[in-house]
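Hi,

Here is the model I promised to pass on. Have a look at it first, and then read my notes below.

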Amino acid sequence: MLHNISLSTILAMITAEQITGIIDGIIADSKFYLVDLKVSTSKIKQKITVLVDTDEGILIDECSTISRQLGELLDEEIDNAYTLEVSSPGIDHPLKLSRQFVKNIGRTLKVIKKDGTEVKGELVNASENVFTIQPDKKKKEKTKPEPVELGYDEIKEAVVQVSFK
C-alpha cells in the first residue's frame, strides 16, 4: 500500500522509537512511565496513541499536561496532520510491565499463557521477573489449588478482571 503514499508523506512520518525518545525526555525523573505506544498511519494522517501511568494511577489533568508537552515537540518533527491521544491504560488494557503487576496485587487476573492455557485467580505477588497467581477454587474442589508462579515471558496476555460483587 506504500505506493499510494507520497515520498514527502513518508519522510514526514515519525517512528515509534523517535516518539518514545521524546516521551522519555518529558517524563524522565518523574512518577510517570510509558505503558504502550502505537503509531498507525493512513493516507490522511498518522494516529499516535500514548498510554502513560503512575504507580498510584494517573489523573486526566496529568495526561493533558503530557499531551500538550508532547504535542508541542511533535509539531517540530511532523509536517503533516496527525492525531495525538494521551491517556491511561484502561482497566481492559492488558498488563504489560512488571510495575503494573505490582500495582494490581490483590486483584483478580485472567492470564493467557503462550501455550494457550488460561489461569484465573488473585494476583498475590509480583517482582521484576515473575508473578504469582492464587487460582480460583472450583466448586467441586475440596482444597484450594496451589499458587502458580509465572514468568512474564511465559504469558501472552494478562488482564485485570472487574468484579461487581
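**The hairpin and its sheet**

Let me start with a hairpin: strands E4 and E5 form it, with four residues between them, and Gly116 in the turn has a positive phi of about 95°. Keep in mind throughout that this is a predicted model.

E4 covers residues 108-113, and five bridges join it to E5 (residues 118-126), the two running antiparallel. On the other flank, E4 pairs with E8, again over five bridges and in the antiparallel sense. Val111 is a handy landmark here: it stands opposite Val119 in E5 and opposite Ala158 in E8.

The two faces of E4 are easy to tell apart. Leu109, Val111 and Lys113 make up the covered face, while Thr108, Lys110 and Ile112 sit on the uncovered one. That fits the usual rule that side chains in a regular strand alternate between the two faces of the sheet.

Zooming out, these strands belong to an open sheet of five, in the order E7-E6-E5-E4-E8 with antiparallel pairing. Strand E7 (148-151) and strand E8 (155-160) are at the edges, and each has a single partner strand, so one side of each is left without a neighbour in the sheet. From one strand to the next, the twist averages 40°.

At the E7 end, four bridges join E7 to strand E6 (residues 130-135), and the two run antiparallel. One of the residues to click on is Phe131, whose bridge partner in E7 is Leu150.

**The aromatic bit**

Phe131 turns up again when you look at rings. How many aromatic pairs does a search of the whole structure find? The search comes back with three. In one of them, the ring centres of Phe101 and Phe131 are 4.6 Å apart and the planes are at 35°; since tilted covers whatever falls between under 30 degrees (stacked) and over 60 (edge-to-face), the pair is tilted. Phe101 lies in helix H4 (residues 98-103) and Phe131 in strand E6, so the pair ties together parts that are 30 residues apart in sequence.

Are these two rings' residues buried or exposed? Phe101 has 1% relative accessibility and counts as buried, and Phe131 is buried too, at 0% relative accessible area; the cut-off for buried is under 20%. Tyr152 joins them, and with Phe101 and Phe131 it forms one aromatic cluster.

**The other sheet and its helices**

There is also an open sheet of three strands, ordered E1-E2-E3, with mixed pairing. Its edge strands are E1 (33-40) and E3, each pairing on one side only. Here the twist averages 10° from one strand to the next.

E2 and E3 run parallel and are joined by six bridges. If you want a spot to check in the viewer, Gln46 stands opposite Tyr82 in E3. Helix H3 packs on this sheet, touching E2 and E3, and its direction makes about 150° with that of E3. Helix H2 lies across E1 and E2, running at about 150° to E1.

H3 is worth a slower look. It spans residues 60-77, which makes 18 residues, and reaches 25 Å from its first C-alpha to its last, close to the 26 Å expected at 1.5 Å a residue. Which residues of H3 are buried? They are Glu62, Cys63, Ile66, Leu70, Gly71 and Leu74. Seen down the axis of H3, these fall within an arc of 165°, so they line one face of the helix. That buried set packs against helix H2 (16-27), strand E2 (46-53) and strand E3 (82-87). Asp61, Arg68, Glu72 and Glu76 are exposed on the other side of H3.

One last residue, this time in H2: Asp24 has its place in that helix and, at 42% relative accessibility, counts as partly exposed. The C-alpha atoms of Asp24 and Leu34 are separated by 7.9 Å, with the two residues ten apart along the chain.

That's the tour. Shout if something looks odd on your screen.

Cheers

Key. Residues are numbered from 1 along each chain as its sequence is written. This is a predicted model: local features need pLDDT of at least 70, side-chain atom pairs count only at pLDDT 80 or more; totals for chains, interfaces and linings use all residues. Side-chain values use heavy atoms; hydrogens and water are left out. The expected span of a helix is 1.5 Å times one less than its number of residues. Buried means under 20% relative accessible area, exposed over 50%, partly exposed in between (1.4 Å probe, protein chains only). The arc is that of the directions from the helix axis to the C-beta atoms. Contact means heavy atoms within 4.5 Å. Two strands pair if DSSP finds at least two bridges between them. Axes are lines fitted to C-alpha atoms, for helices over the stretch in contact, and angles run from 0 to 180 degrees between N-to-C directions. Rings of Phe, Tyr and Trp (its six-membered ring) pair if their centres lie within 6.5 Å; planes under 30 degrees apart count as stacked, over 60 as edge-to-face and the rest as tilted.
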